[in-house]
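Welcome! Take a look at the model below, and then we can work through a few exercises together.

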Amino acid sequence: AYLREEDYQAALSLLQSQSVSCELKTAASFLLLLAYRYGLRAGEGLGLCRDDWKGKTVSIVLVRNNAMRKLKTPAGRRLVPTLFSLTDLEKSIIESALLLAEAEYGGRTNAPLLGRIVENRMSVRRIRLLTINALRAVTGNPRMVLHGARHSYAIRVFDALLACSPRYQGL
């Protein structure tokens, strides 16, 4: 299912309004952001280490094997730049995630980017469930899953590339 920009933004806002811990709220919001803005799978996003995030809010994400997880396939290793403008809310979510990781792990760059919360299976389940429930609530689609955000990223990248083509502009 395709996730529209307005639904994505509404889901982020809904996640930020949840009555859950700051860590859980930040992790769920950041996971959605990683899928929609960077095309990451849930496991890739949850398994990022601090050293995989290069830059502050406009960054490059390194998707690679690390101590947290193994990639689905060797071909999954990649660098993903920030291709689209980020909103103030998105920048705030990124800053919160980076601050939480710094507070929990200090200078350890091989530590989980989303903090200790992703080391607990039950917490990871809650993060995924919060994200999926927010997507379903704003889209009205009971079958919407996080992977739809990843597909939407690919479609938006493809559309942006085609928009640069003179042949596409006439369509």
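Two exercises follow, one on a helix and one on a pocket.

This is a predicted model, in which local features need pLDDT of at least 70, side-chain atom pairs count only at pLDDT 80 or more, and totals for chains, interfaces and linings use all residues. Residues are numbered from 1 along each chain as its sequence is written, and side-chain values use heavy atoms, with hydrogens and water left out.

**Exercise 1.** Work out what span helix H5 should have, and describe its ends and its packing.

*Solution.*
- Helices here are DSSP runs of H or I with at least four residues, and strands are runs of E with at least two, numbered from the N terminus.
- The expected span is 1.5 Å times one less than the number of residues.
- H5 covers residues 121-139, so its 19 residues should span 27 Å, which agrees with the 27 Å between its end C-alpha atoms.
- At the N-terminal end, Asn120 acts as the cap, with a side-chain oxygen 2.8 Å from the backbone nitrogen of Met122.
- After H5 comes Gly140, with a positive phi near 75°.
- Buried residues (under 20% relative accessible area, 1.4 Å probe, protein chains only) of H5 include Val124, Ile127 and Leu135.
- The buried residues of H5 pack against helices H1 (5-16), H2 (22-38) and H3 (42-46), where contact means heavy atoms within 4.5 Å.

**Exercise 2.** Which element gives the largest share of the lining of the largest pocket?

*Solution.*
- The lining includes Arg50, Trp53, Lys56, Glu95 and Thr109; lining residues have an atom within 4 Å of a pocket point on a 1 Å grid, a pocket being an open set where a 1.4 Å probe fits, with protein on both sides within 12 Å along at least five of seven lines.
- Strand S1 (53-55) and helix H4 (88-105) each give two or more residues.
- The largest share, four residues, comes from H4.

Definitions and conventions
Buried < 20%, exposed > 50% of the residue type's maximum accessible area, 1.4 Å probe, protein only. Polar contact = N/O pair within 3.5 Å; in protein donor to acceptor, adjacent residues only side chain to side chain.
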